[in-house]
2 protein chains.
Amino acid sequence: MRPTVHDIAAAAGVSLATVDRVLNRRPGVRHVTREKVETAIRDLGYVRDLAAANLAKGRVYPLTFILPASDNSFMHGLNAEIRAAIARSAAERTDIRIVEVPAFDPQALVRELETVAAEKPSGVALVATDAPDVRTAVDRLVHDGIPVVTLVSDLTGSLRHHYAGVDNIAAGRTAARLLGRFLGGAKGEIAVLAGSMLVRDHRERLEGFASVTAQEFPALHLLPVLEGRDDPETAHMLIADALGKNDGIVGIYSLGAGNRGLIRALKEKAVDRALTVIAHELTVHTRAALLDGTIDAILNQDAGHEVRSAIRVLKAKADGLAVIDAQERIRLDIFLKDNLP
Amino acid sequence: MRPTVHDIAAAAGVSLATVDRVLNRRPGVRHVTREKVETAIRDLGYVRDLAAANLAKGRVYPLTFILPASDNSFMHGLNAEIRAAIARSAAERTDIRIVEVPAFDPQALVRELETVAAEKPSGVALVATDAPDVRTAVDRLVHDGIPVVTLVSDLTGSLRHHYAGVDNIAAGRTAARLLGRFLGGAKGEIAVLAGSMLVRDHRERLEGFASVTAQEFPALHLLPVLEGRDDPETAHMLIADALGKNDGIVGIYSLGAGNRGLIRALKEKAVDRALTVIAHELTVHTRAALLDGTIDAILNQDAGHEVRSAIRVLKAKADGLAVIDAQERIRLDIFLKDNLP
DNA sequence: CATTTTTTGATTTACGTACATCAAAATTGG
DNA sequence: CCAATTTTGATGTACGTAAATCAAAAAATG
C-alpha cells in the first residue's frame, strides 16, 4: 500500500496537523520540524492522492478558452470540441468557459486577457495573435501564477507553459516535400494560398514550404503568396484569377482555411490540367475533394486532440504535476485518400 | 452543484441506505421503491462520483498485458511503454502485469489466456495471434465479464471490446499510393518484405498495398513476398539477394520489422540505384535511414498511444463508462524527413 | 524568570461514496 | 390476527486528504 499522511506523521514523529501544515505550505512550522517531515515524505515516497485531495477540497478547475471569432470550418470544429469537453465537465471536475474576441486584433485579445486574469481561473488557453502586447499580457498571467497554453497558433518568446498545436514549420516543409515528390521533377510554378501573413502559423508554414522548395526542388518556382483572409469567396477569386492568367502553374499549396473556394475554382478552371494540390485542415469539403482527386493530400491538426491536450496540461500545471510529453505532442496528420478516418 | 446520494434519497423520499442498495444492486428493495429511486436518479441527473467511489472502495484496476516474446525494436518499445505506465500506476490506480508468450504460437497464447482468466483481472490487453482457438479463449474472457482489448494486431470475429492499433489495410493502401506517386508513373518491379504471412497485421498491409498498386499503378509489378521473420539477418539476406538478381526493382515496401537488415542491404547494394523505399515503424535505425535518404517515408504506429489507449479503454469498460472514440482511434503516422518528432 | 509569541498536538468535521449492522416497520403467509 | 419474513431506516465507520479550532508545549523576548 502507498503511504498516507498518517504514515508520514508517524515516521516523522509529529502530528497529523503538522504534516498537513507542511504539505499545504501553511505557516507555523519550525524549520527543523518542516525538514523532518520533508525527509519522511521523501523516505516513504509519499505522493498525495489527488483524487482524495480534490474530493476534500471540492475542487473544480475553472478554465477559460479564448478564441478568435472566425467563421470557418476549422474554428467551428474547435468550438465544437470545446463544447464536447464542457459536456464532460462533471466527470473531469472542469468548469470551462469560451470567450470570443475579434480575429487579427491584438488589442482586443489583450483586453480580454486582462479581464480573464481578474477572474483568477485555474488555467487559460488561447489562440494567440502574434504581437508584443499579447506577449506581455500572457507573461503577466503566467507571472500571476495562472497556467497558460497556446492553442493552434503559438506565441514564441512568451512565458506560456505549453503549446497545443502542430509544428507549422515542419508542416510547411512536409507539404513542400510531398508536392515536390508527387510532381516528380517536373518544372513549373507553384501557387500558395494563405489566410494572412499576420498570423504566425501561416507565416511559419510558408517559411517551411519555401525553404524546402528552394533547397530541394529548384525546378519549382513559388509565385507571390495569395492572401485569402481564410474566406472562401476571396480564395475562389484569387485562385480562379491565377489559374486563368498563368498556365505554368503545376501545383498549389493552400496553407490556410477557406478551401471551399479553392476547390470550386479548381473544378471550374482546372478540369483539363494536371495540378497537384496540397491543402490544410480536414473538413467536409477538403475530404470530398481528396476523395474525388481534386486534392492530392491534406495536412491536418486534430482539433479534438488539441483541446483535450490543452485541458490535461492546464490541469496538470494547476496541480504542479508533470505531463507526459509524448502524449501531449500534437502530430501533423497526413491524409491521402486511403487513410481517412 | 451536481446532486449527491443525499439528494436522491431526499427526492425519492427514502433513506440513504435504500439509495445505496439500488445503486449497488444489493438485494432487499421492493420493486416499487427501486423504481422511485431510479426515477429520482434520472430526474436529478445523478452520476456517481467515480473518484469518491474509488476512494471508498480502495479500488485498483489489475490489468494484464500479454505480449509475444519477440526480439525486435517495436516489441521492445511496446514493452517500455507498458513499463512507463506501470511507473504511473499509483496515480492511475492501476496494477499492471506483463506476461510474455512465445510468438506465433496460438496454443501458448490460449493457455496463458486461461491462466489469466482465473486471476479475474479488471482487464486484459493482448497482441493477438490470429487463430480460431485464440478467438474462443478471448470470447470466453469476455463472457466472464472481463474487458479485453487487442493491441497492435486485431482478432476480428471475436468479442473483444476494442482494438488499440492502426487500420493495417489502410496502412498498406497508403504505402502503395505514396510509393506510386513518388515513382511518378515509372515502370518497374516492387519488392515487398514482410515478417510472416501468419500474422494478420502483415497480411492486411500486403492486401491493402497490392490492391491499390494493381488498381491505380498498373505500371508497377509486385514480386513475390519475401518473408523475413522480422529478423534483421534474414531481411538482409533476402533483400541483398533480390537486388542482386533483379535490376528492374524500382521500389521496396517493408511492412514488418527487422529493418536494420534491409537498410544495410540497401547501403551495400543500391548506392548507384534510385530506389524508392517505404518502411514501417519508426526506430533509431529507420529514423537515421529516413534522414540520410535511404528510406523515403516511414509509416508508424505510436506504441505509447496504443498502450495508454488500451489502459483508458480497459478502465472505462471495467466501470461501464463510455470512451471518446476519436481519442482512442490509433492513427497511422506518416513520417517524411521533415516531420519527425 | 515571567511573559509573550511561536510552534505543535489533539480532535473534529467535511468531501461523496461504500458497506455493514441492528432495529423498526411493513408485508406476507397461515 | 399473530408469527415469520421481507423491506426499510438509522447510524456508524471507512477511504485519504483538507481545513479549522483550541489547548498545550516549546521557544524567544525582555
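## Where the protein meets DNA strand C, and where its chains meet

The residues of the surface near DNA strand C fall into 12 nonpolar, eight polar and nine charged. Keep in mind as you look around that this is a predicted model. Besides that DNA surface, there is a contact between the two protein chains to explore, built from 37 residues of chain A and 37 residues of chain B.

**The surface around DNA strand C**

- In total, 29 residues surround DNA strand C, and the closest are Thr18(A), Val29(A), Arg30(A), Thr33(A) and Tyr46(B).
- On the DNA side, 71% of the atoms of strand C that come within 4 Å of the protein belong to sugar and phosphate.
- Both chains take part through their helices: H2 (16–23) and H4 of chain A, along with H1 (5–12), H2 (16–23) and H4 (50–57) of chain B, each supply at least two residues of this surface.
- H4(B) gives the most, with four residues.

**Polar approaches to the strand**

- In chain A, an N or O atom in the side chain of Thr18(A) is 2.6 Å from a phosphate oxygen of DNA strand C; Thr18(A) is also among the closest residues to that strand.
- In chain B, a polar backbone atom of Asp49(B) lies 3.1 Å from a phosphate oxygen of DNA strand C.
- For a look at a base, go to Ala52(B), where a polar backbone atom is 3.3 Å from a base nitrogen of DNA strand C.

**The contact between chains A and B**

- About 3400 Å² is buried between chain A and chain B, with carbon and sulfur atoms giving 49% of that area.
- Arg181(A), Arg331(A) and Asp338(A) supply 22% of the area that chain A buries against chain B, which is more than any other three residues.
- Between the two chains there are 10 salt bridges, and 16 residue pairs are in polar contact, counting pairs with both residues at pLDDT 80 or more.
- The elements of chain A that give two or more residues to the side touching chain B are helices H4 (50–57), H6 (89–92), H9 (168–183), H14 (303–318) and H15 (325–328), plus strand E12 (333–335).
- H9(A) provides the largest share of that side, seven residues.
- By residue type, the side of chain A that touches chain B divides into 16 nonpolar, five polar and 16 charged.
- One salt bridge to find by eye joins the side chains of Arg173(B) and Asp338(A), at 3.5 Å from N to O.

Notes. Residues are numbered from 1 along each chain as its sequence is written. Chains are lettered from A and ligands numbered from 1 in the order in which they are written. This is a predicted model: local features need pLDDT of at least 70, side-chain atom pairs count only at pLDDT 80 or more; totals for chains, interfaces and linings use all residues. Side-chain values use heavy atoms; hydrogens and water are left out. Contact means heavy atoms within 4.5 Å. Buried area is the accessible area (1.4 Å probe) that two parts lose on being put together, summed over both. A salt bridge is a side-chain nitrogen of Lys or Arg within 4 Å of a carboxyl oxygen of Asp or Glu. A polar contact is a pair of N or O atoms within 3.5 Å; within protein, one must be able to donate a hydrogen and the other to accept it, and residues adjacent in sequence count only if both atoms are side-chain atoms. Ala, Val, Leu, Ile, Met, Phe, Trp, Tyr, Cys and Pro count as nonpolar, Asp, Glu, Lys and Arg as charged, and the others, Gly among them, as polar. A residue is near a molecule or strand if one of its heavy atoms lies within 4 Å of it.
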